2 protein chains.
Amino acid sequence: MTDKSINLTEYLIEHGIRPSFQRIKILQYLIGNKDHPTVDDIYQAVAKEVSTLSKTTVYNTLTLFTQASIIKGLRASENEIRYDPDTADHGHFKCKKCSGIYDFAVNIDTLQSDALAGFQIHEKGIYFTGICPACMENKTNSKSEEETK
Amino acid sequence: MTDKSINLTEYLIEHGIRPSFQRIKILQYLIGNKDHPTVDDIYQAVAKEVSTLSKTTVYNTLTLFTQASIIKGLRASENEIRYDPDTADHGHFKCKKCSGIYDFAVNIDTLQSDALAGFQIHEKGIYFTGICPACMENKTNSKSEEETK
DNA sequence: ATACAATTTTGTAATGATTACAAATATATT
DNA sequence: AATATATTTGTAATCATTACAAAATTGTAT
Ligand SMILES: [Mn+2]
Ligand SMILES: [Mn+2]
Ligand SMILES: [Zn+2]
Ligand SMILES: [Zn+2]
């Protein structure tokens, strides 16, 4: 779902998900924020619009969306799951300094040597870590203390 | 760290780690069990030999070993970290049925397209999930209920 | 529209892995 | 032996996630 013109309600129905108010708002946020937000990021943001929102609903909804394969849960961060509305195969680079998570294109098919013959593959996760270009130059990057917790 | 004949004490010293009794026992267990054990696996096993062992010591030691790059922490499992004494680049396949984690060779260099030019890469994690060959045939695999929590 | 059933949301209470912390123990140095 | 340093241990937080049941919403049948 990259096309902004698509109707979110229809989109959910097409994937067998009843389009409740909360679900639409959460999906809307995800599509508008492809920076791999955490559950709390999503909760905090959507709660501003839906004041009665429960974090449990966010968890429920994300699980539902993930099962319907319209989003993907990422393990790029140590402690928490981050979510990605881009379900196409791509790699994730996590900067140790600024904690930013960058997408990167990757030719996953070249990976599939004969090593996994006989295995039925469902998901392919490519996670790199290191220092991003911005943090490489900017030695005095102070975001790390705040965010890396 | 594949050669069994190597002296564990010397090995730790070479990597700047003081070879305490607990550390040697934990390293010994890791080298002898390359099935990617959890912290609790390691604790339960080593505690049989070192009855006074504290789980905190296991955590401390694993962090120390990881920082010294003699082992690697894996995020193949959802909730818990698993540890691998094989620090060479290789992929991990997690079977959703039996929860087993399989190593697989992967040509990681072919991945590095120009997408990450300018990024300083420290770690490369390749995590696949799906069904392993054994579980594909054996439809009535009951391990899943026990182990998958 | 009303009554009933099914679904969704919500709040609160567990769970469980990891971390923080300080006292106790062991090891190194003088 | 005395003292300083490093390691281990036990217990108490932390914190993301899950479990659960009541409340609210929505769908369906009269
Ligand atoms: Mn992404
Ligand atoms: Mn491995
Ligand atoms: Zn950065
Ligand atoms: Zn299996």
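H92(A) is buried, at 4% relative accessibility (buried: under 20% relative accessible area, exposed over 50%, partly exposed in between, with a 1.4 Å probe and protein chains only). D84(A) is also buried, with a relative accessible area of 2%. The model is predicted: local features need pLDDT of at least 70, side-chain atom pairs count only at pLDDT 80 or more, and totals for chains, interfaces and linings use all residues. Residues are numbered from 1 along each chain as its sequence is written, chains are lettered from A and ligands numbered from 1 in the order written, and side-chain values use heavy atoms, without hydrogens and water.

Both buried residues belong to the site of the manganese ion (ligand 1), whose protein donors are H36(A) (NE2), D84(A) (OD), H90(A) (NE2), H92(A) (NE2) and D103(A) (OD). These lie 2.0 to 2.3 Å from the ion. Donors are N, O and S atoms within 2.8 Å of the metal (3.2 Å for Na, K and Ca); water is not among the atoms, so the site may look incomplete. Along the chain the donors follow the spacing H-x47-D-x5-H-x1-H-x10-D.

DNA strand D is surrounded by 18 residues (near: a heavy atom within 4 Å). The closest are Y59(A), I81(A), S20(B), R23(B) and T57(B). Sugar and phosphate make up 70% of the strand D atoms that come within 4 Å of the protein. A backbone N or O atom of I81(A) lies 2.8 Å from a phosphate oxygen of strand D. From S20(B), a polar side-chain atom lies 2.2 Å from a phosphate oxygen of strand D. For T57(B), the corresponding distance from a polar side-chain atom is 2.8 Å.

Key:
A polar contact is a pair of N or O atoms within 3.5 Å; within protein, one must be able to donate a hydrogen and the other to accept it, and residues adjacent in sequence count only if both atoms are side-chain atoms.
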